[in-house]
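Trainee: Before we discuss conformation and packing, please show me the sequence and the model.

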Amino acid sequence: MIYEKKPGVPQYEATEYNTKTKDYVVLIPIINEGDRIHKELQRAMDTHVSDVADIVICDGGSTDGCTDETILRSLEVNALLVKRDTGKQGAQLRMGFSWAMERGYKGVITVDGNNKDSIEDVPRFIDKLEEGYDLIQGSRFIKGGVAINTPFIRNVSVRLIHAPVISLTAGQRFTDTTNAYRGYSMRYLTDERVQPLRDIFMTYELLAYLSVRASQLGMKACEIPVTRAYPAKGKTPTKISFFKGNSELMKILFNNLFRKYNP
């Protein structure tokens, strides 16, 4: 089914392999992740994640065959959403959020599709959502969290720059603020004071904004321990280029500090 572009939501195509079966949905944004996404989905299947949440792929237009329907069905994916419009991760998430809102989920868990995150921990995010939390940030840096082979520059920049600025902006301490492994209540995402479905969120702006807005509005936010593992050797799986990507992240970080993304 084609969903035509509307304010705040890109045009996208949805292929539903199953109806809504759970109260919560896991949205996994990807683009050309190869077998990394298949390995991640296999881990999810091995630990019965689909018993507690529907799993949905939010594809940015992959051309490497990683979204093959036969494979995704065999790995218990509930639906495939494919962006047919401009924008990067922020547009993929807005596509997923909009679709999840229309389907009537109580909450959303987001996780990268490059097999770095402990997708097995999805039930822990759902437990916190059930407890009434509106933002749950996964962190490898708190007690119980595990950071494996984190690149030195990434480690330093998160700990000394990104996390302190996000914490200052939110008015609440967070430790792993570039981590997209999170839970959001639908109450948070649909609050008129939040409005995540806006076209200003094209790249990584939405992650930064949603990191802080819940605390700013007095909603319940917390961190839970997760594992984030980079490969011991080979190319680091990331979509952020060292110079241009990181300079854009810094610009987003300070725009967020001065509340330029607030409605």
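**Loops and helix packing**

Trainee: At 22% relative accessibility, which exposure class does Asn115 take?
Mentor: This is a predicted model in which local features need pLDDT of at least 70, side-chain atom pairs count only at pLDDT 80 or more, and totals for chains, interfaces and linings use all residues. Residues are numbered from 1 along each chain as its sequence is written, and side-chain values use heavy atoms, without hydrogens and water. Buried means under 20% relative accessible area, exposed over 50%, and partly exposed in between (1.4 Å probe, protein chains only). At 22%, Asn115 is therefore partly exposed.

Trainee: What is the phi of Asn115?
Mentor: Asn115 belongs to the loop between β6 (107-110) and α4 (122-130), where helices (H or I, at least four residues) and strands (E, at least two) are DSSP runs numbered from the N terminus. Most residues other than glycine have a negative phi. Asn115 is not glycine, yet its phi is positive, near 65°.

Trainee: Where does His48 lie?
Mentor: Phi of His48 is also a positive value, near 60°. His48 has 49% relative accessibility and therefore counts as partly exposed. Its place is the loop between α1 (35-46) and β4 (54-59).

Trainee: How many of the 15 residues of α3 are buried?
Mentor: Helix α3 (residues 89-103) reaches 21 Å from its first C-alpha to its last, close to the expected 21 Å, a span given by 1.5 Å times one less than the number of residues. Just after α3, Gly104 has a positive phi of about 85°. The rest of the structure largely encloses α3, because the number of its buried residues is 13.

Trainee: Which orientation class describes α3 and α7?
Mentor: Their axes come within 7 Å and cross at roughly 60°; axes are lines fitted to C-alpha atoms, for helices over the stretch in contact, and angles run from 0 to 180 degrees between N-to-C directions. Angles under 35 degrees count as roughly parallel, over 145 as roughly antiparallel, 65 to 115 as roughly perpendicular and the rest as oblique. The pair α3 and α7 is therefore oblique.

Trainee: Which residues of α7 are met by α3?
Mentor: Contact means heavy atoms within 4.5 Å. On the α3 side, the participants are Gln89, Gly90, Leu93, Arg94 and Phe97. Their partners in α7 are Leu206, Leu207 and Leu210.

Trainee: At what angle do α5 and α7 pack?
Mentor: Ile166, Thr169 and Ala170 in α5 meet residues of α7 that include Ala208 and Val212. The axes of α5 (residues 152-170) and α7 (residues 205-216) are 8 Å apart, and the packing angle is about 35°.
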